[in-house]
Amino acid sequence: MKVKLSLIFSMVVLASMALAQTWDGADDLPTNPLACGMSSGGGEVAMLDYNGGMVSGGMSMAGEDIVLIDVPKLVGIGYFAATTAGQQKAAEQLGNVTVTTDAPTEANIDDQIAVIENYIASGNINGILFAANDPVAIAPVLRSALEKGIHVVGYDANSEPDAREWFVNQAEFNGIAKAMIDSLVAEKGEDAGFGIVTSTFTTPNQARWIAEMQAYQESCYPDMTWLETVEAQEDAVLSFNQANTLMNKYGEDLHGILGMTSVATPSSADAVTQAGLCGEVAVVGLATPNAMKPYVDDGCVESVVLWNPVDLGYAATYVMRAIVDGDLNPGDTSVMAGDLGELQVVNGSEILLGAPFIFNADNINDFDF
Amino acid sequence: MNSNTIDPIQPNPTKSANFGKRLRSILFSQEGILFIILMIVMAVLSQLNENFLTSSNLLNQGRLMSEVGLVALPMTFIIITAGIDLSVGSILGLSAIVLGILWKNVGLPLELAIVLCLVIGSLAGLVNGLFIVKLDVPPLIMTLATLALYRGLAQGVSQARSVTGYPEWFYIFGQGRIFGIPTQLWLFIFGTIISIIILRRTTLGRYLYAIGHNPVGAKFSGLPVSRVLLTIYAYSGFMAALAAVIFVSRVTTTRSDMGTGLELDVIAAVVLGGTSIFGGKGSILGTLIGLILIQLLKNGLALSGVTSDATIIVIGTVLILAILINNFVQSRREG
């Protein structure tokens with residue numbers, strides 16, 4: 001009996017230890033908050049030396065047909081369907097590029113690595129486009145691709161810089177963070193209390209944005225109250241439930257919910273609508289326009305922050321072609337990307353797509369993705 | 001009257017009948033059928049892509065398979081006793097985090113951190129065993145609970161931050177080779193041989209089958225049921241921790257969500273290998289063939305240009321077919 005009791009006791013202790021922990025969901029990296037105020041970001045861009053990787057083997061394929069494989073974090077969600085659409089559009093315009101999208105159906109680091117390993121082993125690809133589920137975990141397999149003479153370009157979610165040649169950055173982290181916080185302040189004032197619905201605490205982009213949001217909010221709007229960050233994978237039902245939990249737990253203290261993923265934001269908006277709290281609780285977040293149109297149209301959501309993922313996929317494909325053709329080399333400060341015109345090189349080996357875009361009732365119906 | 005007079009055409013009927021019987025029993029055993037299916041699958045896949053049947057590809061697949069494989073060995077034991085361990089993926093995550101935290105945040109030497117990581121994994125398995133044995137909690141319920149609990153602990157301890165920057169020598173476990181064979185494949189081969197010996201040649205192995213067939217009977221026959229169960233659940237935790245070390249070394253980072261869903265891959269391989277989920281039946285050889293079949297299907301289909309989502313469908317279909325064929329053949333044999 002004593003054994004049993006002590007076993008149960010130790011389990012309870014362990015469980016309460018686990019429960020007692022709360023997280024803000026931010027990462028440890030240094031932050032770089034932008035200046036306060038409602039101006040549209042776009043601060044100084046630091047010039048660094050090229051810090052990307054090098055592909056080995058001197059076989060030039062300039063102007064020749066190339067076969068690319070695109071490995072996003074996962075397939076089956078609207079966001080990556082949009083980047084795929086952009087890649088197909090670019091491939092069609094260029095005429096000498098074939099892109100196939102293949103990725104696991106869940107955002108799992110091990111499965112993603114296995115997909116890339118298999119394509120390298122198949123021996124019939126010239127380049128890899130990727131959006132990493134983990135920046136470090138994906139690095140060894142990408143390095144082995146570079147060693148085999150396969151070009152590597154990232155988009156959406158970066159790897160370690162030396163594991164790929166270039167990375168197409170959709171928007172700088174501090175720019176997104178500023179847009180999110182500023183939008184919330186515009187709706188609910190400088191002393192709003194808010195909660196965050198994110199994917200998981202280990203997802204690199206989300207952790208980075210949250211860290212930047214924290215830094216920006218602390219320096220610019222110190223009176224805001226950061227209530228809690230909750231995890232909801234990238235799962236619609238879970239996101240809905242977590243948003244409800246926030247509303248029930250904090251009641252009147254909750255003035256806004258920030259959705260950090262394209263799944264969490266519409267689900268949170270849905271939860272707020274169903275709870276009849278439109279106007280009381282603002283929803284601001286990252287999301288694709290189609291998913292948000294109903295909530296923006298009925299006035300429950302005022303602003304949706306994002307870049308254009310179609311352009312992101314489009315730019316990544318053009319960047320890959322430019323590398324193969326020798327039009328983009330270490331040290332260059334810009335690259336031509338078809339309809340998008342000239343894109344700037346930042347942070348050594350990143351290509352910046354532009355400033356974040358805010359969808360609202362005025363413009364959201366102009367977009368279809 | 002002896003058999004010679006009954007059948008004068010056969011000069012030595014006992015010997016040749018025995019040989020035929022043995023051949024048939026090998027060929028039509030669970031493992032035999034699976035092996036034939038594996039050969040057919042490999043033959044088809046090697047026709048689809050010339051890079052499939054190359055030593056570099058096969059060794060690489062062995063490398064990727066080893067983590068699931070190491071955990072599948074104790075899982076075979078556990079399922080033979082009519083138990084199950086759903087918490088292996090979470091134990092992997094927890095052990096990985098312990099390794100990272102002890103080394104980076106506590107500042108222990110990495111060698112010591114590896115040892116402690118294996119200890120923690122074994123303890124996590126032992127806790128499963130203690131509840132199952134002492135409190136009679138059904139294994140499914142207990143390990144379902146610790147599936148959540150260990151994952152939560154991993155998140156709590158790590159604060160959901162990852163640990164990176166391991167020294168170069170550590171990558172030998174996950175990325176290195178010894179005599180041209182990936183390091184973890186050696187570990188897996190070694191573990192497989194040990195497990196085969198335990199199951200076929202030791203009393204512990206006999207106990208496992210006895211417990212699976214009739215747990216009450218085993219207990220009243222004076223078998224050390226509690227000790228056996230504690231041992232195999234701790235073994236399961238140990239192997240999950242070993243897989244964690246390899247995984248961390250392979251992907252060069254530690255994350256608290258490592259090993260999510262591992263339990264399903266492991267159980268699929270074990271059950272495909274002919275181990276009965278109701279206990280009392282199964283073999284390491286079957287598990288090994290099950291593992292290889294699933295791994296090579298995934299790889300071979302990907303190499304021939306089948307996308308990941310379609311691959312899952314094919315694998316699901318092959319799983320069902322393999323089990324149906326096996327059931328059909330087994331019932332014919334018994335009938």
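# Sheets, helix packing and one loop residue in chains A and B

A: Asp156(A) sits in the loop between S4 and S5 of chain A, and since this is a predicted model, what follows describes the prediction.

Q: What's odd about the phi of Asp156(A)?

A: Asp156(A) has a positive phi of about 65°, although this residue is not a glycine.

Q: And is Asp156(A) buried or exposed?

A: Asp156(A) counts as buried, because 23 other C-beta atoms lie within 10 Å and the cut-off for buried is 20 or more.

Q: What about S4(A), just before that loop: how many of its residues are buried?

A: Strand S4 of chain A, residues 151-155, is mostly covered, with five of its five residues buried. Both faces are covered, with His151(A), Val153(A) and Tyr155(A) buried on one side and Val152(A) and Gly154(A) buried on the other.

Q: Why do the residues split into two sets like that?

A: Side chains in a regular strand alternate between the two faces of the sheet.

Q: Which strands does S4(A) pair with, and how many bridges are there?

A: Strand S3 of chain A, residues 127-130, runs parallel to S4(A) and is joined to it by four bridges, with Gly127(A) standing opposite His151(A). Between S3(A) and S4(A) the chain passes through helix H4 of chain A, residues 139-147, in a β-α-β crossover that is right-handed. S4(A) is also joined by three bridges to strand S5 of chain A, residues 166-169, again running parallel, and there Trp166(A) is the bridge partner of Val153(A).

Q: What comes after S5(A)?

A: S5(A) is joined by three bridges to strand S13 of chain A, residues 350-352, and these two strands run parallel. Within that pairing, Val168(A) has Ile351(A) as its bridge partner.

Q: So what's the order of the sheet as a whole?

A: The order in chain A is S2-S1-S3-S4-S5-S13-S12-S11, which is an open sheet of eight strands with mixed pairing. S2 (97-101) and S11 (334-336) of chain A stand at the edges and have a single partner strand each, so one side of each is left without a neighbour in the sheet. Neighbouring strands are turned by 25° against each other on average, direction ignored.

Q: Which strands make up the six-strand sheet in chain A?

A: That open sheet has the order S7-S6-S8-S9-S10-S14 in chain A, and its pairing is mixed. Its edges are S7 (225-231) and S14 (357-359) of chain A, each with a single partner strand, so each has one side without a neighbour in the sheet. Here the average turn between neighbouring strands is 20°, direction ignored.

Q: How do S6(A) and S7(A) pair?

A: S6 of chain A, residues 193-198, pairs with S7(A) in the parallel sense over six bridges, and Val197(A) stands opposite Val230(A) in S7(A). Helix H7 of chain A, residues 236-250, lies across S6, S7 and S8 (256-259) of chain A and runs at about 160° to S6(A).

Q: Switching to helices, at what angle do H2(A) and H10(A) cross?

A: The axes of H2 (residues 78-94) and H10 (residues 309-324) of chain A come within 6 Å and cross at roughly 45°, and these helices are therefore oblique to each other. The crossing is right-handed, and the contact includes Tyr79(A), Ala82(A) and Leu94(A) from H2(A) and Pro309(A), Tyr314(A) and Arg321(A) from H10(A).

Q: And how do H5(B) and H7(B) pack?

A: H5 (residues 88-104) and H7 (residues 139-158) of chain B pack at an angle of about 20° with their axes 8 Å apart, which makes H5(B) roughly parallel to H7(B). Their crossing is left-handed, and among the residues in contact are Ile91(B), Leu94(B) and Ile97(B) of H5(B) and Leu147(B), Tyr150(B) and Leu153(B) of H7(B).

Q: How many residues of chain A are in contact with chain B?

A: In chain A 34 residues are in contact with 33 residues of chain B. Helices H1 (2-20), H3 (109-122) and H4 of chain A each supply at least two residues of the side of chain A that touches chain B, and the largest share, eight residues, comes from H3(A).

Q: Which residue in the loop between S2 and S3 of chain B has a positive phi?

A: Phe179(B) lies in the loop between strands S2 (177-178) and S3 (181-182) of chain B, and its phi is positive, about 50°, although Phe179(B) is not a glycine. Phe179(B) is exposed, with 5 other C-beta atoms within 10 Å.

Key:
Residues are numbered from 1 along each chain as its sequence is written. Chains are lettered from A and ligands numbered from 1 in the order in which they are written. This is a predicted model: local features need pLDDT of at least 70, side-chain atom pairs count only at pLDDT 80 or more; totals for chains, interfaces and linings use all residues. A residue is buried if 20 or more other C-beta atoms lie within 10 Å of its own, exposed if 12 or fewer, and partly exposed in between; C-beta atoms are placed from the backbone. Two strands pair if DSSP finds at least two bridges between them. A crossover is right-handed if, with the strands pointing away from the viewer, the path from the first strand over the helix to the second runs clockwise. Axes are lines fitted to C-alpha atoms, for helices over the stretch in contact, and angles run from 0 to 180 degrees between N-to-C directions. Angles under 35 degrees count as roughly parallel, over 145 as roughly antiparallel, 65 to 115 as roughly perpendicular and the rest as oblique. A crossing is left-handed if the near helix is turned anticlockwise from the far one by less than a right angle, and right-handed if clockwise. Two residues are in contact if their C-beta atoms, placed from the backbone, lie within 7 Å.
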